[in-house]
Amino acid sequence: MERSRLIRAMEGILGAEGVIHEHEQLRTYECDGLMNYRVIPDLVVLPETGEHVQRIVRLCYDEGIPFVARGSGTGLSGGALPVKSGVLIVLTRVRKILEVDIPNQRIVVEPGVVNIWVSQEVADEGYYYAPDPASQIVSSIGGNLAENSGGVHCLKYGFTTNHVMGAEVVLPDGSVTHLGGGRTPDAPGYDLLGAFVGSEGTLGIATRITLRLVRTPESVQTLLAAFEDTEGAGGAVSGIIGEGIIPAAIEMMDQLTIEAVEAAVHPGLPDAGAVLVIELDGPEAEVEEQFGRVMEICEENEATEIRVAEDDAERALFWKARKAAFGAMGRISNDYYVQDGVIPRTELPSVLKRISELSEEYKLRVANVFHAGDGNLHPLVLYNNATEGEAERAEELAGEIVFACLDHGGSLTGEHGIGHDKKKYMPKMFTDDDMNVMQLLRCAFDPHQISNPGKIFPTPRLCGERPGPFHMHPLQKAGIVEQF
Amino acid sequence: MQTQKGIVEDLQGIVGLDNVREATADDAIEGVEPSLVVEPGSVEEISAVMKLAAREDLAVSPRGGGTKIHVGNPPQRLDLILSTARMNEIMEHTPGDQIVRVEAGVKLEDLQEQVSGSDQMLVLDPPESGATVGGIIAANSSGPRRYKYGTIRDLIIGITIVLHDGTVAKAGSKVVKNVAGYDLSKLFTGSLGTLGVIATANFRLHPRPAAARTVAVEVAGSRQAQAAAQAIVHSQVEATAVELHYGEDEKILTVLLESIPGGIEAKVETASFLLKQFGEVRTLSDEEADHLGPLAPPEVADEVVLKIGAPPADLSAVLESVLGAAERRGLAHPRITGHAGTGVTFVGLSSEDEDAAAGLVGEMREIQVRKGGNVTLQRAPLTLKQRVGTWDNGGDYLGLVRRVKEKFDPRGGMNPGRFLGGI
């Protein structure tokens, strides 16, 4: 389809204000939160309803045009990186809260709804939405669903996938289906909802999402503990978990991170080699006793200082410090690369040692921020883009760190996704057979591979479909993929 | 195509002489008898067996403990039962990481025993004893603790599967937090052997609570049952399970509370306070809890057991509709139990009046499916299943379910015909 005709067809669905086609305006959308990769899409469309989304996808399908869905664009793996000659479907205007069902602890929202709005909507009822990525004041529920986002409280409460109970999905052929029971348990058939959540936009677009709401806890206690080094902090984490305590959150920051955070938001953090932010929540008597035990364990591991949040304001300050960590790096480095890897918790000391060796070897500083309870590391590789070759070295170092995670039995990503950025690493974690079998699922949902093509898998496979709307797949024509 | 003798010899070559046998009547699934039973002892052996099955176009049913083998339609065809009995190794248990990796044939009891040494548990508590991990995943079995901890989909973190043609693939990992690649662990959960063989699985473990008590409230009717369940669900007591026994005489809502020794009394107090407005409240003794408590094994004498999935806040309406439908058909008061906190209700019918049972199932589906719920025959004579189907028709996702089946099992060799929509 000629571009001018496509623009007219999209304007027919959305009106002129819902279609962006001028080059300069398109550039706004050339990347998501990961700015290392940029692609200018052919067209950006801004639907306002689920029906708009369906008509856009149907048009793309009929015309064989690939599309990429994008929420707030905060993703850190290039999952919403546009494809050349493709349409970028921006969902920020599809943002109504459709239904609140407190008796069944559910809320139904559109994908553009911002994460924090959900908790705000039901706060007066004594409820909240548990998954809380650090980007929650900006990131959208649709994007959270696509990435299976985590957050600091997922150790106790689980990830996005444990909280999405149903979704209306526009499949890549423009048809609409409903996955998951929503308010009812145990929908019969395969758990397609479970497979869809975290599929990074490659299986379709969710247009109505049913979320589980969680009752606010009776008591919340938060402390900040300082240690001489990460070893001491790591020992405290192991001690707490080893006692069978599941804190709502345990976060660790190392010395370099503390320095950056202090410079950026001045929370008055102790001068230390590492700090832990530990939060317990639940029934009061339980929290009271376990919190005391947590303090003892910190002391046993030679904490140099323990501060208990006296009120909500102080608690908010601790969390502000933690959630500011990524952004704060700008205070101590021109540029930084956020890595996301996972290790079995018990491997923490050896992986930290390896990271420090790598940092010396590459002569680049690495700041460490962890979701320590679930072994999810966010090493931040600091570099200066203006120095010739340093960006490449930083990326290589970040890659070595994630390989170290794999060597210790971990994963390539805990919450940021594979997207565009890490697909080249997938063969380090999965065999060809593993990835081919995963792509059978892709073939069932999106046989022509027009939904966010080129993400997750290093080698896309075609699905052996008879030519439907296409005679030859554009990727095949370009020699990028082979017939499956 | 080989003769049966040739196939047996080839299978013996893969798994050893003693691990292939002729099937007996006991191996039949819903009246359909297989020819052979094979017991591979490794992922490689499963793969080789499946390659052979593909070459000979044999229809294969994977089998674990066999505790849920009656669930589903009769197989369209059945040649080979692939038993995971020899896949019984606990491969890794790392207490500090709170994870376990096991072969699919490991019995849940054995897994629990292994991890309980570290004061941990896999929070799966289906009522059947003798079930294997693989079978529990395939049947998506759950129990009362799902209220707090969720179901298998919330606990499984990695899987190894073998497809119809012997392809071995894994997904997930052994860390609790991981978003690399598609989550095939969830796809295979509840797949009832129709997508492939589950060979190994990795799970997240939880600490075993040091203290547990069960608080019970006797309720007069369905409205009180619903109100009592809602009072717990919307409280801050963090109950582990909220279960209902709704008999003709005895109607009891039980709440399982778990905590540390220093926290349990406060929980019991809070729950008792919340429940006392709905009826007489007491804390069950251990003996009573064994019989009445959330974890009490169900009676399995019923001819027909229906499982109804509905919004938990509709509990009263579900109970009334079941009782009304039973009464109008002259059926005795059904044995009703359920996970009241999550919206799962089991209805046991002891009558042999099949017309009445079929009518009741039809009426329940009429009411529930329209509202997004589901009604499944968990246990039923074959004739009733053939009449009303094990499942309702599912939703508008059935086409997608079929496409997934076609991609994973294009030959139609994996447990053909047993599942939803005849897949």
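The exercises below, each with a worked solution, walk through a predicted model with a chain A and a chain B.

**Exercise 1. Work out what secondary structure chain A has, and how its radius of gyration compares with that of a compact globule.**

Begin with the secondary structure, which in chain A comes to 17 helices and 19 strands. Next take the extent of the chain: along the principal axes, the C-alpha trace of chain A spans about 70 × 60 × 40 Å. A compact globule with 484 residues would have a radius of gyration near 23 Å, and chain A has 23 Å, which agrees. Then turn to burial, where 59% of the 484 residues of chain A count as buried. Finally, consider the contacts in chain A between residues at least 6 apart in sequence, of which 70% join residues at least 24 apart.

**Exercise 2. Repeat the description for chain B, beginning with its helices and strands.**

The secondary structure of chain B comes to 14 helices and 19 strands. Its radius of gyration is 22 Å, close to the 22 Å that the globule rule gives for 423 residues, so chain B is as compact as a globular protein of that length. The box filled by the C-alpha atoms of chain B, taken along the principal axes, is roughly 70 × 55 × 35 Å. Buried residues make up 54% of the 423 residues in this chain, and, among its contacts with a separation of 6 or more, residues 24 or more positions apart account for 70%.

**Exercise 3. Describe the side of chain A that touches chain B: which elements contribute to it, and which gives the largest share?**

First count the residues involved: 71 residues of chain A are in contact with 68 residues of chain B. On the chain A side, the elements that give two or more residues are β9 (176-179), α7 (192-196), α8 (230-242), α10 (284-300), α15 (426-429) and α16 (432-445) of chain A. The largest share of that side, eight residues, comes from α16(A). Sorted by class, the side of chain A that touches chain B has 29 nonpolar, 28 polar and 14 charged residues.

**Exercise 4. Identify the domains of chain A, and describe the contact between domain 2 of chain A and domain 5 of chain A.**

Chain A is divided by the domain assignment into domain 1 (3-90), domain 2 (97-215), domain 3 (217-326), domain 4 (333-417) and domain 5 (425-477). Taken over C-alpha atoms, the centres of domain 2 of chain A and domain 5 of chain A are separated by 26 Å. Eight residues from domain 2 of chain A and nine residues from domain 5 of chain A take part in the contact. On the side of domain 2 of chain A that touches domain 5 of chain A, the residues divide into four nonpolar, three polar and one charged.

**Exercise 5. Examine helix α8 of chain B: is it largely enclosed or largely open?**

Start with its length: α8(B), residues 222-233, has 12 residues and reaches 16 Å from its first C-alpha to its last, close to the 16 Å expected at 1.5 Å a residue. Nine of the 12 residues of α8(B) are buried, so this helix is largely enclosed by the rest of the structure. The buried residues include Ser222(B), Ala225(B), Gln226(B) and Val233(B). Among the elements that cover them are β12 (211-218), β13 (241-246), β14 (251-259), α9 (261-275) and α11 (315-328) of chain B.

Now place the helix among the domains of chain B, which are assigned as domain 1 (4-85), domain 2 (90-207), domain 3 (211-292) and domain 4 (304-388). The centres of domain 3 of chain B and domain 4 of chain B are 24 Å apart over C-alpha atoms, and their contact takes 16 residues from domain 3 of chain B and 14 residues from domain 4 of chain B. On the side of domain 3 of chain B that touches domain 4 of chain B, α8 and β13 of chain B each supply at least two residues, and α8(B) gives the most, with eight residues.

**Exercise 6. Locate the largest nonpolar core and name the residues with the most contacts inside it.**

The largest nonpolar core has 227 residues, and those with the most contacts inside it are Ile89(A), Ala225(A), Val275(A), Leu276(A), Val381(A), Ile161(B) and Ile198(B). Its largest share, eight residues, comes from α16(A). Apart from this core lies another, of 51 residues, among them Val237(B), Leu306(B), Leu315(B) and Leu360(B).

Technical notes:
Residues numbered from 1 in each chain as written. Chains lettered and ligands numbered in written order. Predicted model: local features only at pLDDT ≥ 70, side-chain atom pairs only at ≥ 80, totals over all residues. Contact = placed C-beta atoms within 7 Å. Helix = DSSP H or I, 4+ residues; strand = E, 2+ residues; numbered from the N terminus. Nonpolar A, V, L, I, M, F, W, Y, C, P; charged D, E, K, R; others polar. Rg over C-alpha atoms; globule rule 2.2 N^0.38 Å. Buried ≥ 20, exposed ≤ 12 C-beta atoms within 10 Å, placed from the backbone. Expected span 1.5 Å × (residues − 1). Core = buried A, V, L, I, M, F, W, Y, C linked by C-beta atoms within 7 Å. Domains from an automatic or database assignment.
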